Amino acid sequence: MSKAPSQATILAIAATVVAVSVATYLYNKRKESTAASSSVGPSVKTYEDKATVSKELCAFVAATAKTAIEEKGSFHLAVAGGSLLDALAGLVQYKDEVDFSKVVLSFANHKCVAPTDAKATLAKSKKKFADAAGIVQFVAPIDVPIAGSDGSTEAAYYAEQLKAAVPEKNGYPVLDLVLLGLGSDGHVGSCHPMGPAVAETTKTVAGSPKTGEPSSITLTIESMNNAKQVAFCVCGGSKGKKEAVKRAMVRPAEEPRGTFPAQLLASPIFFLDKEAAADL
């Protein structure tokens with residue numbers, strides 16, 4: 001008959017098992033960390049045409065909103081102006097799945113005009129997708145902008161509105177999703193190449209001065225990067241779009257800071273049609 005192992009032997013075996021388990025856990029955590037770090041940078045989703053991009057973007061926004069609302073009771077979405085707003089018209093199809101009344105809509109950039117002005121991103125958003133989807137909560141810009149302003153006063157006002165409406169971390173708003181278009185010069189929101197807004201590194205919202213037309217306010221690059229997710233919607237290859245998309249993938253960003261602002265965003269998702277992705 002074999003002899004039963006001693007208590008010392010049992011303890012030694014148990015210690016070995018624990019050591020192996022700890023080592024395995026640490027190894028797996030290192031693998032996860034390496035995988036996460038290697039995934040930093042842009043990711044790309046390419047579709048056949050503009051209509052399909054819009055459809056997939058709306059599905060992505062709806063799914064992200066639904067998850068956020070289920071987890072914490074709200075969804076903080078920021079949108080830029082331009083053709084992006086047309087791409088969101090399909091959100092209305094998800095009214096039965098997503099409680100859009102719990103979406104808080106803010107703006108990645110907005111002209112220094114009254115929110116009801118036809119040029120206002122807020123007014124355009126309501127007309128193009130928000131009203132139909134049932135979005136009723138807005139972080140609105142100042143009602144009466146200052147004529148000839150460089151946007152700094154309006155930016156300070158909007159920063160306070162964001163602070164009151166959106167949770168913060170490290171002094172910047174924690175938006176669940178920021179949706180952007182891409183300028184052929186690489187501008188995002190109203191952070192233009194080598195402009196004062198893209199140079200701003202301490203504020204949450206900055207003014208973006210214009211000559212001959214109303215200035216704008218814009219989320220700073222730091223605010224965009226503090227969001228849980230940033231996504232671009234870019235369609236068409238004309239007017240330098242496909243070249244801009246290719247250049248937007250460059251990491252690290254070109255120097256000096258702000259040469260091509262889209263490069264400053266850490267890990268955006270690009271929703272592209274085949275024309276916009278042609279040079280990738």
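**Exercise 1. State the volume of the largest pocket and describe its lining.**

The largest pocket has a volume of about 690 Å³. A pocket is an open set of points on a 1 Å grid over the protein atoms alone, where a 1.4 Å probe fits, with protein on both sides within 12 Å along at least five of seven lines; lining residues have an atom within 4 Å of a point. Grid points are joined across faces, edges and corners, and the volume is the space filled by probe spheres set on the points.

This is a predicted model, in which local features need pLDDT of at least 70 and side-chain atom pairs count only at pLDDT 80 or more, while totals for chains, interfaces and linings use all residues. Residues are numbered from 1 along each chain as its sequence is written, and side-chain values use heavy atoms, with hydrogens and water left out.

Step 1. The lining holds 32 residues, and those nearest the centre are Gly-81, Gly-82, Ser-83, Gly-181 and His-187.

Step 2. By class, 8 lining residues are nonpolar, 16 polar and 8 charged. Here Ala, Val, Leu, Ile, Met, Phe, Trp, Tyr, Cys and Pro count as nonpolar, Asp, Glu, Lys and Arg as charged, and the others, Gly among them, as polar.

Step 3. Strand β4 gives the most to this lining, with 3 residues. Helices (H or I, at least four residues) and strands (E, at least two) are DSSP runs, numbered from the N terminus.

**Exercise 2. Describe the salt bridge of Asp-86 and the exposure of both partners.**

Step 1. Asp-86 pairs with Lys-128, their closest N and O atoms lying 2.9 Å apart. A salt bridge is a side-chain nitrogen of Lys or Arg within 4 Å of a carboxyl oxygen of Asp or Glu.

Step 2. Asp-86 belongs to helix α3 (residues 84–87) and Lys-128 to helix α4 (residues 121–133), 42 residues apart.

Step 3. Asp-86 is partly exposed at 43% relative accessibility, and Lys-128 is partly exposed at 32%. The cut-offs are under 20% relative accessible area for buried, over 50% for exposed, and partly exposed in between (1.4 Å probe, protein chains only).

**Exercise 3. Find which residues are linked in a network with Asp-176, and compare the exposure of Asp-176 and Lys-228.**

Step 1. Salt bridges link Lys-72, Asp-176 and Lys-228 in a network.

Step 2. The side chains of Lys-228 and Asp-176 meet at 3.2 Å, N to O.

Step 3. Lys-228 is exposed, with a relative accessible area of 52%, whereas Asp-176 is buried at 5%.
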